Amino acid sequence: MKLSPLLRGIGGLLVFVLAWEFLIQSGMIRFQYLPPPSAIAIAFNELIATPTMYAEMIHTIGAALGSWVIAAMIGIVLGAALGLSKSLRAYTMTSIEVLRPLPPVALIPVALLMFGFSLKTELFVIAIPAIWSILVGTMGGVLSTSTRLREVARSLKLHRSEILFKILIPAAAPSVLVGCRLSMSLSLVLAIVVEMIGNPEGLGYAVVREAQALNPNLMFAYIILIGLLGVLFNHFLVVASKILLPGEFRRPNSLMGR
């Protein structure tokens, strides 16, 4: 019987967890602060009954999603403008290529000086790196739009804004959504990093707090919770993409369903 990819993935994860439990319980691996999965599961069960955890989770989700929305709005607008204007690309692409490789962590001291320990620091540090994948995806999608579609738009004497919103953006939508998907995953990762280093709030700070308190069971429980949030974020965008672009997911080589 052929198993689905989901069941095969769960099976591989289960084998890993069982091997981890066996190696710890048998004493073959001995690290003072590496608990077995059974102890982590007990801590996770206690964690989900704690009201503080939900406040921390809401903070992290709010920072990640808020930054992603800001990045999406800026990235789509700038990407569309760059795709439409050759002269704008000529004057800005060098600056973009210089800024894109900038490590997001390097922005934390700048944000702290500007905003202090606050949600604004998180939004600033997360949104700027999250813009690039959306911007490049939008620009690439607009540039790769069929010239035949552009010719049809000109023959119909459509206004520039009509060409953008009725032809170019819909045609570029698959590339835009791929960029948004990458950006959403990055936003969650950066939210955790900023909370660990720059803003003592949310799930990222909770991981550091439990590590400093020498409580590895709860530390790993928080890490698992962050991983589940990442899966949830990705699933949300895949479902949204299927609703917005149902035909794209029927293509065998589509990047959207991967």
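A residue is counted as buried when its relative accessible area is under 20%, as exposed when that area is over 50%, and as partly exposed in between. Leu177, at 12% relative accessibility, therefore counts as buried, and the description below of this predicted model returns to that residue after an account of the overall fold.

The protein chain contains 10 helices and 0 strands, so that, read along the sequence, the chain follows the pattern α-α-α-α-α-α-α-α-α-α. Of its 258 residues, 36% count as buried. The chain exposes about 15,100 Å², of which carbon and sulfur atoms supply 71%. When contacts between residues at least 6 apart in sequence are considered, 69% of them join residues at least 24 apart.

The largest nonpolar core comprises 51 residues, and within this core Leu47, Leu203 and Tyr222 touch the most other members. At least two residues each are supplied by α2 (37–47), α3 (51–84), α5 (107–115), α6 (119–143), α8 (160–197), α9 (202–212) and α10 (216–244), and the helix that gives the most to this core is α8, with 12 residues. The surroundings of Tyr222 illustrate how these residues come together: with neighbours within four places in sequence left aside, Tyr222 is in contact with Leu47 and Leu203, and also with Met53, Glu56, Ala206, Val207, Arg209 and Glu210.

Helix α8 also holds Leu177 and Leu186, for each of which a separation from a residue distant in sequence was computed. Leu177 and Ile134 lie 43 residues apart in sequence, with their C-alpha atoms 7.9 Å apart in space. Leu186 and Ile126 are 60 residues apart in sequence, and the corresponding C-alpha to C-alpha separation is 8.1 Å. Whereas Leu177 is buried at 12% relative accessibility, Leu186 has a relative accessible area of 30% and is partly exposed. Residues up to four places away in sequence not being counted, Leu186 touches Pro129 and Ala130.

Ala64, found in helix α3, is buried at 1% relative accessibility. Its contacts, apart from those with residues up to four places away in sequence, are with Ser187, Leu188, Ala191 and Phe233. Ala64 and Ala127 are separated by 63 residues in sequence, while the distance between their C-alpha atoms is 8.6 Å.

A further set of contacts links helices α5 and α6 through Leu112 and Thr121. Leu112 is placed in helix α5, and Thr121 is found in helix α6. With residues up to four places away in sequence excluded, Thr121 touches Leu112 together with Ala111, Phe115, Gly116 and Val194; on the same basis, Leu112 is in contact with Thr121, Phe117 and Gly198. The two residues differ in accessibility, since Thr121 is buried with a relative accessible area of 0%, whereas Leu112 counts as partly exposed at 25%. Leu112 and Val125, which are 13 residues apart in sequence, have a C-alpha to C-alpha separation of 9.7 Å.

Helix α6 is also contacted by helix α4 (residues 86–99), and the axes of these two helices come within 12 Å and cross at roughly 145 degrees. The crossing in which α4 passes α6 is left-handed. The contact is formed by Arg89, Met93, Ile96 and Leu99 on the α4 side and by Trp132, Leu135, Met139 and Leu143 on the α6 side. By class, 7 of the residues in this contact are nonpolar, 1 is charged and none is polar.

Outside the helices, Leu214 is placed in the loop between α9 and α10. This residue has a positive phi of about 55 degrees although it is not a glycine. Leu214 is exposed, because its relative accessible area of 54% is over the 50% cut-off for that class.

Terms used
Residues numbered from 1 in each chain as written. Predicted model: local features only at pLDDT ≥ 70, side-chain atom pairs only at ≥ 80, totals over all residues. Heavy atoms only, no water. Core = buried A, V, L, I, M, F, W, Y, C linked by side-chain atoms within 4.5 Å. Buried < 20%, exposed > 50% of the residue type's maximum accessible area, 1.4 Å probe, protein only. Helix = DSSP H or I, 4+ residues; strand = E, 2+ residues; numbered from the N terminus. Contact = heavy atoms within 4.5 Å. Areas by Shrake-Rupley, 256 points an atom, 1.4 Å probe, with all protein chains shown as cover. Axes fitted to C-alpha atoms, helices over the stretch in contact; angles between N-to-C directions. Left-handed = near helix turned anticlockwise from the far one by under 90°. Nonpolar A, V, L, I, M, F, W, Y, C, P; charged D, E, K, R; others polar.
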